[in-house]
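Reader: Please give me a close look at the backbone of this structure, and follow it to wherever it leads. I would like the residues named and the numbers given.

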Amino acid sequence: MRYKVLLLIAVVCLSVGCKTESNRQETNSPKSEIATKSNYDEPYRSQYHFTPPEKWMNDPNGLVYHQGIYHLFYQYYPEDIVWGPMHWGHATSTDMVHWEHKPIALYPDELGLIFSGSAVIDKENTTGFGTKENPPLVAIFTYHLMKGEQEGRKDFQTQGIAYSLDNGDTWTKYEGNPVIGNEGIKDFRDPKVFWDKNHKKWVMALVAGDHAKFYSSSNLKEWSLMSEFGKDKGAHGGVWECPDLFSLPNPTTGEPEWVLLISMNPGAPNGGSGTQYFIGDWDGTAFTTEQTEPLWLDYGTDNYAGVTYNNEPNNERLFIGWMSNWNYARDTPTKVWRSAMTLPRTLSLKQTKEGLRLANSPYHKVNTLVNNQEPIYSVDMGSFIQKDGIQYKQHLIEFTATSSNTVTLMLGNEQREFVSFDINPAEGNMIFDRTNSGVIDFEESFGAPHFMPYTPEGKEVHVRVFIDASSIEVFVNDGLYVFTEQVFPTVPYHLLTLTGKEDDGLSDFKIKAVQSIWNK
Ligand code: FRU
């Protein structure tokens, strides 16, 4: 750590007198009526990640595509910037990159608050809520009855459904709710439903404390339990939440493999909330896997409760996560709104020396925000790169490193705040360190180094680092290794160094500007 402080001081000295170039873009208010409450220019306001105009947000919910629109519903409390009675907030997009804010979709009712869940297009009108010509958009969510929890009962979480016949603008709750009652399981929530086309039925993955349960239905209203998974598999340092089950092609055979995502809080490898995954098989009734050890989607501490889109038109598996962590989500230093979503990501399976792994890398349309034609700065080859004077808060940094070297990327400011990212092939790890990243004192675990195991595959590693106003996402080798991290520097980082040990250690280094999504 000491050498990093020295390096940073050296960089500060070198840059004395150097005029900082601001790349801040003027933001216009988004057009919707809700959004007029914010100019989207507050300190720490993400410029190219989704945030609500104001107030508290957590998990993404009801991710579904329908008639040209990607829906993003989310856990929302419209009265405060801390968690409270949950609603489903709503935003829509045609490209998964630019978002339009919509009115709140689902409000709490006498059965409870509206916790996390999913949405499907009922194409065959199995519910009878719509017609085949105008199929209903059906949301499946958890009701959380506060009164039941306060009375110390265990059966206060049940599952409900609601539908929309105008592509998400207005919603009607089903009068037969709840569709799945509770026989005394305290944590019984977060239904993810999909149409199992091989077995021609609706399938729901639900979590129940320390395991997942799978239900089936012909009409989304009546459900029967098929199987359970996970009591003796994977990590169990906390409560299982937000499951997702889907198939992805095996990169070698092209045959489908099944992936089960399970968010868990606490107990993630770098503390608090994190998402583990299992790769296995789904036979229409049960999920099975030979995997014994837990695998993690992201070793940063700010990618939680992520799930994937239903009905995606190009057959891609698109993922969005909540860019925060229950350890400190309520305490981060923003005042108008709280927390952002991760960049939309494409999930894929990759064959590695250690077996199949789930990679997540930015959805290709994120590239439309990046000025690829004219990089701000570019170096073909070198072992030490320094580029000061850019306010690093809306940028993409890319480079290639040879894997035998230790490589360190540092971003800092004259307040001696800095973050560093190390690739250590010899030690078999990567480290993202935000110990001195800026405002860290809102919660004791926030300012810490985070570790990720790393087994070099070939000679080269390709690194992409997306920096927004209060987040850094590091993607290595097309999303095989990922850190998603919030950071709150008191002034933007504007000093950059990249160091490797050998002359040919680093190549294709580029700094590119990323556009605001609120600046349409
Ligand atoms: C995950 C979670 C879910 C729950 C929701 C409540 O972050 O705890 O399990 O449905 O948040 O807001």
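Author: Pro266 has its place in the loop between β14 (256-265) and β15 (274-282). The peptide bond that joins Asn265 to Pro266 is cis, with omega about -10°. This is a predicted model, and the angles are computed from it. A cis peptide bond also runs from Asn177 to Pro178, where omega is near 0°. Pro178 lies in the loop between β8 and β9. As background, most peptide bonds are trans, and most residues other than glycine have a negative phi.

That second point leads to Asp190, which is not a glycine but has a positive phi of about 65°. Asp190 belongs to strand β9, and it is also one of the residues around the ligand. A polar atom in the side chain of Asp190 is 2.6 Å from a ligand oxygen. Taken alone, the ligand would expose 310 Å², and the protein buries 95% of that.

Arg189 is also among the residues around the ligand. An N or O atom of the Arg189 side chain lies 2.7 Å from an oxygen atom of the ligand. Asn58 has a polar side-chain atom at 3.1 Å from a ligand oxygen. The rest of the shell consists of Asp59, Gln75, Trp83, Met86, Phe115, Ser116, Glu241, Tyr304 and Trp326. Sorted by class, the shell has five nonpolar, three polar and four charged residues. Three strands, β1 (55-66), β5 (113-121) and β9 (188-196), each supply at least two residues of this shell. As for the pockets of the protein, the ligand sits in the second largest one.

From the ligand shell, β5 leads on to a sheet. This sheet is open, with four strands in the order β5-β6-β7-β8 and antiparallel pairing. β5 and β8 (172-173) are the edge strands, and each has a single partner, so one side of each is left without a neighbour in the sheet. The partner of β5 is β6 (residues 137-144), and seven bridges join these two antiparallel strands. Within that pair, Gly117 has Phe141 of β6 as its bridge partner. At the other edge, β8 comes before the loop that holds Pro178, with β9 on the far side of that loop.

Further along the chain there are more antiparallel pairs to look at. Strand β19 (residues 318-322) runs antiparallel to β21 (residues 345-352), and two bridges join them. Here Leu318 faces Thr346 of β21 as its opposite residue. β21 is also paired with β22 (residues 355-362), in the antiparallel sense and over eight bridges. In that pair Arg345 stands opposite Pro362 of β22. The link from β21 to β22 is a hairpin through two residues.

β30 (residues 460-468) likewise appears in two pairings. With β25 (residues 395-402), the pairing is antiparallel and has eight bridges. Ala401 and Val461 are bridge partners there, with Val461 in β30. With β31 (residues 471-476), β30 pairs in the antiparallel sense over six bridges. Phe466 stands opposite Glu473 of β31 in that pair. Two residues lie between β30 and β31, which form a hairpin.

To return to the backbone: the cis bonds described here lead into Pro178 and Pro266, each of which is found in a loop between strands. The positive phi belongs to Asp190, which sits within a strand and has a side-chain atom 2.6 Å from an oxygen of the ligand.

Methods:
Residues numbered from 1 in each chain as written. Predicted model: local features only at pLDDT ≥ 70, side-chain atom pairs only at ≥ 80, totals over all residues. Heavy atoms only, no water. Near = heavy atom within 4 Å. Polar contact = N/O pair within 3.5 Å; in protein donor to acceptor, adjacent residues only side chain to side chain. Areas by Shrake-Rupley, 256 points an atom, 1.4 Å probe, with all protein chains shown as cover. 1 Å grid on protein atoms, 1.4 Å probe; cavity = no way out; pocket = protein on both sides within 12 Å on 5 of 7 lines; lining within 4 Å. Sits in = over half its atoms within 2 Å of the grid points. Nonpolar A, V, L, I, M, F, W, Y, C, P; charged D, E, K, R; others polar. Pairing = 2+ DSSP bridges.
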